[in-house]
Amino acid sequence: MQIKDRTYVISGGASGLGKATAELLVENGASVVILDMSTESGEELVSKLGSTKAFFHETDVSSSSSIASAVKASLEFIKKTGHELGGVIPAAGVSLPAKIVDRNGEMCDMDQFDFVMNINVRGSVDLVRQFCPYWIKRQPEKEVDGGDAERGVIVLVASSAAFDGQPGQVAYSASKGAIASLTLPLTRDLARYGIRVVTIAPSLFESRMTSMMTQKVRDSLLRVMEFPLRPGQAHEFASLVKHSIENKMLNGTVVRLDGGMRMPSKM
Ligand SMILES: NC(=O)c1ccc[n+]([C@@H]2O[C@H](COP(=O)([O-])OP(=O)(O)OC[C@H]3O[C@@H](n4cnc5c(N)ncnc54)[C@H](O)[C@@H]3O)[C@@H](O)[C@H]2O)c1
């Protein structure tokens with residue numbers, strides 16, 4: 001899918017991996033819609049990228065009505081710029097570590113489990129779902145590749161926790177495992193419309209989410225890295241999103257972006 005003069009919708013785009021993606025896509029001529037709960041960071045990013053290239057809408061992806069209003073606002077922005085929808089990148093995500101039962105015999109809280117699942121899984125699916133009625137009807141790109149021409153790309157965000165979740169990651173791993181598992185059926189649902197699906201599963205990347213880790217956790221993760229011996233940088237994630245958009249043969253797959261690292265059980 002072309003990047004220049006196409007619009008990419010990024011949830012969680014006000015920070016970390018989503019923000020780096022928005023910056024790289026704009027650098028390459030795209031328009032971006034940032035959907036995030038953090039109005040301050042979202043507006044700050046729009047003023048940096050320029051209001052003709054970027055648009056922010058305060059959105060809570062765990063609420064269907066909030067997404068409905070975000071989709072409406074996004075489509076108005078697209079109409080104004082004339083830059084058709086090229087992709088949806090649901091990058092909003094949260095992690096709330098909790099063991100199933102703690103040392104004192106206390107069970108984990110199911111409200112916290114639901115919170116993680118609602119943002120990471122429901123929010124990603126709902127965002128894609130609500131763009132689809134518009135997306136599948138939009139004029140496809142001119143070039144025809146053995147059937148329908150391309151209409152766009154969905155880049156989902158899983159995590160290495162989908163495969164090697166650590167203690168305390170039952171909720172987060174369940175949510176990211178769900179993203180990895182739904183990649184293929186989503187691809188199969190949308191193939192006839194020329195919409196591809198690629199899931200990226202990063203390991204430890206520098207971001208606000210990981211800045212909350214204790215030094216002890218960081219140090220133990222550094223010890224199990226293969227190469228390079230450092231956390232990933234947000235621009236390295238963004239560059240794989242860019243490639244996923246551009247490379248038509250990437251579809252229905254989960255790509256680990258982890259420098260060969262496998263998360264250990266014990267820290
Ligand atoms: N950083 C890592 O090491 C890492 C590793 C694997 C996967 N991931 C995944 O990458 C994605 C981005 O994470 P990040 O590291 O950039 O985190 P981040 O905290 O820097 O950014 C996440 C963004 O999502 C937004 N957000 C949270 N809840 C929301 C909601 N309900 N509605 C809308 N926006 C909401 C936040 O405001 C924030 O701007 C997440 O899905 C995360 O699980 C991150």
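Mentor: In this predicted model, buried means under 20% relative accessible area, with only protein chains counted.

Trainee: With that cut-off, which residues of helix α7 are buried?
Mentor: Helix α7 covers residues 215-223. The residues there that fall under 20% relative accessible area are Arg-218, Ser-220 and Leu-221.

Trainee: Which helix is included in what covers the buried residues of α7?
Mentor: The residues to be covered are Arg-218, Ser-220 and Leu-221. Contact here means heavy atoms within 4.5 Å. What covers these buried residues includes helix α6.

Trainee: Which helix gives the largest share of the shell around the ligand?
Mentor: Three helices, α1 (16-27), α5 (170-190) and α6 (208-211), each supply at least two residues of that shell. The largest share is three residues, and they come from α6.

Trainee: How many residues surround the ligand, and which are the closest?
Mentor: A residue counts if one of its heavy atoms lies within 4 Å of the ligand. By that criterion 27 residues surround the ligand. The closest are Ser-15, Asp-36, Tyr-172, Phe-205 and Ser-207.

Trainee: How do the residues of the shell divide into nonpolar, polar and charged?
Mentor: Tyr counts as nonpolar and Gly as polar in this scheme. On that basis the shell around the ligand holds 14 nonpolar, nine polar and four charged residues.

Trainee: Which side chain has an N or O atom 2.6 Å from an oxygen atom of the ligand?
Mentor: A polar contact requires a pair of N or O atoms within 3.5 Å. An oxygen atom of the ligand lies 3.3 Å from a polar backbone atom of Ala-91, and one lies 2.9 Å from a side-chain N or O atom of Lys-176. The side chain at 2.6 Å belongs to Tyr-172.

Trainee: What percentage of the ligand's exposed area does the protein bury?
Mentor: Taken alone, the ligand exposes 820 Å². Of that area, the protein buries 95%.

Trainee: Why does the radius of gyration of the chain agree with a compact globule?
Mentor: The chain has 267 residues, and a compact globule of that length would have a radius of gyration near 18 Å. The C-alpha atoms fill a box of roughly 60 × 35 × 35 Å along the principal axes. The radius agrees because the value for the chain is 18 Å.

Trainee: What share of the contacts with a separation of 6 or more joins residues 24 or more positions apart?
Mentor: The chain has eight helices and seven strands, and buried residues make up 49% of its 267 residues. Among contacts with a separation of 6 or more, the share from residues 24 or more positions apart is 71%.

Terms used. Residues numbered from 1 in each chain as written. Predicted model: local features only at pLDDT ≥ 70, side-chain atom pairs only at ≥ 80, totals over all residues. Heavy atoms only, no water. Polar contact = N/O pair within 3.5 Å; in protein donor to acceptor, adjacent residues only side chain to side chain. Areas by Shrake-Rupley, 256 points an atom, 1.4 Å probe, with all protein chains shown as cover. Helix = DSSP H or I, 4+ residues; strand = E, 2+ residues; numbered from the N terminus. Rg over C-alpha atoms; globule rule 2.2 N^0.38 Å. Buried < 20%, exposed > 50% of the residue type's maximum accessible area, 1.4 Å probe, protein only.
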